[in-house]
Amino acid sequence: MTDITLAPIQPDQPSHLMATYGRQAISFVRGRGAYLYTEDGTEYLDALTGIAVCGLGHAHPVIAEAIAEQAATLVHTSNLFEIPWQTAAAQKLAEVSGMEEIFFSNSGAESNEGAIKIARKFGTQQGVSSPKIIVAEQSFHGRTLATLSATGNKKVQDGFVPLTNDFIRVPFGDVEAIQEAALQHPDIVAILIEPIQGEGGINTAPQGFSYLEEVRNICNQHNWLMMLDEIQTGNGRTGKYFAYQHTNIVPDVLTTAKGLGNGFPVGAVMTQGKAVGLLGPGSHGSTYGGTVLGSRVVYTVIDTIQKENAVENAAVVGGYIVDQLRAQLADKNVQVRGFGMMIGIQLPRDCGELVAIARDQHKLIINVTAGSVVRLLPPINMTQAQADDLLERLVALINNYL
């Protein structure tokens, strides 16, 4: 193997990267499980996992071995040919999702683009000339022009007008608003929502997951597609393989990414029922979607999650973290919410500075979203001991801050 050592970046050294990220002044050179390490060996507890991506932790040996072995064998042939690993990965994903058809993409945004295309195709087949999709306020569906238009966050939309006018926005969890929209807009063909709003602040509907059951009933009533964005909530994150499995319903269209590849860039859009067969040859595609390497990673990630009982672990250990946070922060004016390893701590004021304080003083990697919500997205296979380590650092952080 070629030995390449990167020279340290100097503060005055110009960068040729587009300035699209507000980067923190730190970099990591390796990881293991729930921990990250800088060049000098300093250890950090990672309670963010690449924003819900590395669900099985960093450098998982089974995933790393599969990637290395496949990369040394065959990486890509294109979708012009049969790809056995893609077929096997689709079978695995169908088994855990309850869906029938699967298209592999490269990201969550691409998966949601596929869902939007499916909704449009469904609408045009129903004779709707300008199909509309209901979406929720405070949602996040991606940064392509269509998914940006679907997103309910004006900050990320700023400067990119005109956006597409294919979306009708309603408050998250408001069933009456959906019914009212149905009366006002006869060209609605689908609803696209997140079971839990991640970027919006770990928001759950006031009625909990029964909201999804109500939405399913409305979609059945109006012959709409029910489309769930489980980019962040999927792959065991909430203590079920997919968050909708906390209920008895099944969506028509399901999207996911993030934890699907445990760090490898891959996503999927899935269909069942009346959404099956809407996309055929020539109607959708991706050069890199479902490569040999990517498909083997998906298969291996799902297989490892199953063998390690990681979904069940996320439910148990995540529930423990929530209970302990509520107990240990009971005298603080905070609200703890979430399911499994998707946890939000609503503070009484904006707290963006906690990211740097947690990193520098407690060697803890967290995220603050929606201004005042500390977001935790630990590995779904986090151990009890690691959870206690997280609690010790986090409770000290919040107690000192409040």
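Biologist: Leaving aside neighbours within four places in sequence, which residues is Asp229 in contact with?
Modeller: Asp229 is in contact with Asn112, Phe140, His141, Leu192, Ile193, Glu194, Pro195 and Thr255, where contact means heavy atoms within 4.5 Å. This is a predicted model, in which local features need pLDDT of at least 70 and side-chain atom pairs count only at pLDDT 80 or more, while totals for chains, interfaces and linings use all residues. Residues are numbered from 1 along each chain as its sequence is written, and side-chain values use heavy atoms, with hydrogens and water left out.

Biologist: And where does Asp229 lie, and is it buried or exposed?
Modeller: Asp229 lies in strand β8, residues 225-229, with helices (H or I, at least four residues) and strands (E, at least two) taken as DSSP runs numbered from the N terminus. Asp229 counts as buried because its relative accessible area is 4%; buried means under 20%, exposed over 50% and partly exposed in between, with a 1.4 Å probe and protein chains only.

Biologist: Which side chain does Asp229 join in a polar contact?
Modeller: The side chains of Asp229 and Asn112 are joined by a polar contact of 2.9 Å. A polar contact is a pair of N or O atoms within 3.5 Å; within protein, one must be able to donate a hydrogen and the other to accept it, and residues adjacent in sequence count only if both atoms are side-chain atoms.

Biologist: What does UniProt list under "binding site"?
Modeller: An unreviewed UniProt entry lists Arg143 and Ser286 for that feature, and it also places "binding site" at Gly108, Ala109, Phe140, Asp229, Glu230, Ile231, Gln232 and Thr287. The residues of that second list are spread over 180 residues of sequence and also in space, up to 25.3 Å between C-alpha atoms. UniProt positions are in the numbering used here, feature names are shortened, and annotations may be inferred rather than shown by experiment.

Biologist: Is Ser286 buried or exposed, and what about Thr287?
Modeller: Ser286 is in the loop between β10 (267-271) and α9 (292-307), and Ser286 is classed as buried because its relative accessible area is 19%. Thr287 is in the loop between β10 and α9, but Thr287 is exposed, at 57%. Not counting residues up to four places away in sequence, Ser286 touches Asn79, Phe103, Asn106 and Glu110, whereas Thr287 touches His76 and Asn79.

Biologist: Where is Arg143, then?
Modeller: Arg143 is in the loop between β5 (132-136) and α5 (145-150), and it is exposed, with a relative accessible area of 60%. Not counting residues up to four places away in sequence, Arg143 touches Ala109, Leu148 and Val156.

Biologist: Changing topic: for Arg337, what is the nearest side chain of opposite charge?
Modeller: That is Asp350, 11 Å away, and Arg337 is buried yet has no salt bridge. A salt bridge is a side-chain nitrogen of Lys or Arg within 4 Å of a carboxyl oxygen of Asp or Glu; Lys and Arg count as positive and Asp and Glu as negative, while His and the chain ends are not counted.

Biologist: Which side chains make polar contacts with Arg337?
Modeller: The Arg337 side chain makes a polar contact with the side chain of Gln335 at 2.4 Å and another with that of Gln346 at 2.9 Å. Arg337 itself sits in strand β11, residues 335-339.
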